[in-house]
Amino acid sequence: MKRIGWAIALAAAAMTPLAAAAPQAAPPATAAAPPAAEPAVAETVNTAAAPALPTVAPTPEVGVPIPGSLGVQHQVTDIGNEAASFHNNILLTLCAAMSLLVLALLGYAMFRYRRGANPTPSRTSHNTLIEVIWTLVPVLVLVAIAIPSIRLLRHQYSPPPADLTVKVIGNQWYWTYEYPDNGGFEVVSNMLKEQGDVKAGDRFRTDADGPRLLAADERLVIPAGKVVKFLVTSNDVIHAFAVPAFWTKIDANPGRLNETWVKVDRPGVYFGQCSELCGARHGFMPIAVEVVPPAQFAAWVASKGGTMPGAKPAAAPDSTGSSPVSDAAVPAAAQPEPTGAPAGAEPATTEPATNQAATAQN
Ligand SMILES: [Cu+2]
């Protein structure tokens with residue numbers, strides 16, 4: 001049996017290139033560029049936490065859960081479309097067909113061979129033909145599932161070359177996003193609280209930020225139409241980085257790097273949550289991803305003190321005028337940073353202290 005299993009797997013793998021990729025439905029053009037909403041009405045106390053871009057309001061029914069809806073969210077990546085189509089068209093169809101077949105067979109046997117109609121039961125114990133059929137049919141069903149399944153895995157795990165890498169770090173209980181390709185600045189993303197839950201003058205959630213429990217003060221901003229690689233890890237316990245509209249869910253393990261990727265063509269705001277039980281405030285670490293046109297992404301990077309790859313850094317470190325003095329004579333403050341990161345590159349982001357303060361309030 002093992003050999004047969006391997007043969008099936010190999011056959012399925014070999015057949016995958018033959019199957020043409022399903023044409024991807026173009027994203028609906030109805031929700032043309034959401035109106036650039038004014039920044040949140042709420043006054044922010046810490047100016048560093050103010051959004052660098054005007055807060056783009058989420059598009060209704062895209063990238064957010066819809067109350068009372070069934071099925072998976074509307075997908076905005078090619079992988080998501082392929083996976084959703086596999087689930088909706090193949091898996092659900094097969095499940096329904098098999099359930100109905102078994103139900104029909106049960107019903108038939110119960111009616112046809114009831115005691116009244118069949119007083120002397122058959123003593124048959126073997127039927128070669130039926131045994132071959134009930135072995136072969138499940139094998140064929142599994143092959144029918146394996147072919148698109150392995151093809152999907154192959155597409156998920158052979159990403160195109162990345163245009164941008166973002167390091168996603170889970171913390172109890174907020175996310176940090178590092179942009180190593182853009183100078184290594186870091187964005188700290190905390191959940192936005194409701195108006196009644198914050199001190200007077202603190203920033204609170206508005207509808208432009210997103211739904212309750214999903215809106216974040218700082219969004220994970222990525223450029224549209226680019227392949228973005230996420231390196232996912234954690235600083236403390238296991239979290240999981242999940243954005244349903246991208247078909248993305250991957251664990252954030254301390255001490256390990258997991259990798260996933262997305263390519264989103266449609267600008268917009270997409271929401272997810274930590275999806276691994278990670279402690280008391282696990283339910284309060286949302287993920288808000290804002291996909292913006294590349295030019296807008298460059299502007300956002302600049303507003304965070306970062307640089308675009310290939311661009312000249314704004315302030316080159318001064319390497320001239322070094323007099324031949326001994327190392328011992330150089331004051332400690334003038335010693336170059338061992339990491340090589342210029343001190344001026346520190347991003348103006350809210351520190352995790354914000355989260356601790358938020359935690360303390362709860
Ligand atoms: Cu978590």
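**Exercise 1. Two helices side by side**

Which residues in α2 meet which residues in α3? Work out, too, how the two helices are directed relative to each other.

*Solution.* Keep in mind that you're looking at a predicted model.

Step 1: Find the helices. α2 covers residues 78-112, and α3 covers residues 128-156.

Step 2: List the contacts. On the α2 side you'll find I79, E82, A83, F86, I90, L91 and L94. They meet V141, A144, I145, P148, L152, H155 and Q156 of α3.

Step 3: Sort these residues by class. The contact of α2 with α3 has 11 nonpolar, two polar and one charged residues.

Step 4: Think about the spacing. An α-helix has 3.6 residues a turn, so residues three or four places apart point the same way. Have another look at the numbering in Step 2 with that in mind.

Step 5: Check the axes. Those of α2 and α3 come within 10 Å and cross at roughly 170 degrees. Angles over 145 degrees count as roughly antiparallel, and therefore α2 and α3 are roughly antiparallel to each other.

**Exercise 2. A closer look at α3**

Decide how far α3 reaches, and whether it lies largely in the open or not.

*Solution.* Step 1: Compare the span with what you'd expect. From its first C-alpha to its last, α3 reaches 42 Å, with 29 residues in the helix. That is close to the 42 Å expected at 1.5 Å a residue.

Step 2: Count the buried residues. Here a residue is buried if 20 or more other C-beta atoms lie within 10 Å of its own. In α3 just two of the 29 residues are buried, so the helix lies largely in the open.

Step 3: Put that beside the whole chain. Of its 362 residues, 27% are buried.

**Exercise 3. Building a sheet strand by strand**

The chain has five helices and 10 strands. Trace the sheet that contains β1, and say which strands stand at its edges.

*Solution.* Step 1: Recall how a sheet holds together. Strands of a sheet pair through backbone hydrogen bonds, either parallel or antiparallel.

Step 2: Write down the order. Five strands make an open sheet, β3-β2-β1-β5-β8, with mixed pairing.

Step 3: Spot the edges. These are β3 and β8 (258-263): each has a single partner strand, so one side of each is left without a neighbour in the sheet. From one strand to the next, the twist averages 25 degrees.

Step 4: Go through some of the pairs.

- β2 (residues 174-179) and β3 (residues 185-189) run antiparallel and are joined by five bridges. In this pair, E178 stands opposite E186, and T176 stands opposite V188.
- β1 (residues 164-171) runs antiparallel to β2, again with five bridges. V168 has Y177 as its bridge partner.
- β5 (residues 227-234) and β8 run antiparallel, with six bridges. Look for F230 opposite T260.

Step 5: Look at the turns. The hairpin of β1 and β2 has two residues between its strands. The hairpin of β2 and β3 has five, and there G183 takes a positive phi near 95 degrees.

**Exercise 4. The other sheet**

Now do the sheet that contains β6. Which strands stand at the edges, and how enclosed is β6?

*Solution.* Step 1: Get the order. It's β4-β10-β9-β6-β7, an open sheet of five strands with mixed pairing.

Step 2: Name the edges. β4 (220-223) and β7 (248-252) each have a single partner strand, so one side of each is left without a neighbour in the sheet. The twist averages 25 degrees from strand to strand.

Step 3: Examine the β4 edge. Four bridges join β4 to β10 (residues 286-292), and these two run parallel. P223 has V292 as its bridge partner. Helix α4 (residues 294-303) packs on the sheet, touching β4 and β10, and its direction makes about 135 degrees with that of β4.

Step 4: Follow β6 (residues 239-243) to its partners. With β7 it pairs in the antiparallel sense over five bridges, and H239 has A252 as a bridge partner. With β9 (residues 268-274), β6 is also antiparallel, through two bridges; A242 stands opposite Q273.

Step 5: Check the turn. Four residues lie between β6 and β7 in their hairpin, where W247 has a positive phi of about 60 degrees.

Step 6: Judge the burial. Four of the five residues of β6 are buried, so this strand is largely enclosed by the rest of the structure.

Technical notes. Residues numbered from 1 in each chain as written. Predicted model: local features only at pLDDT ≥ 70, side-chain atom pairs only at ≥ 80, totals over all residues. Pairing = 2+ DSSP bridges. Axes fitted to C-alpha atoms, helices over the stretch in contact; angles between N-to-C directions. Parallel < 35°, antiparallel > 145°, perpendicular 65-115°, else oblique. Contact = placed C-beta atoms within 7 Å. Nonpolar A, V, L, I, M, F, W, Y, C, P; charged D, E, K, R; others polar. Expected span 1.5 Å × (residues − 1). Buried ≥ 20, exposed ≤ 12 C-beta atoms within 10 Å, placed from the backbone.
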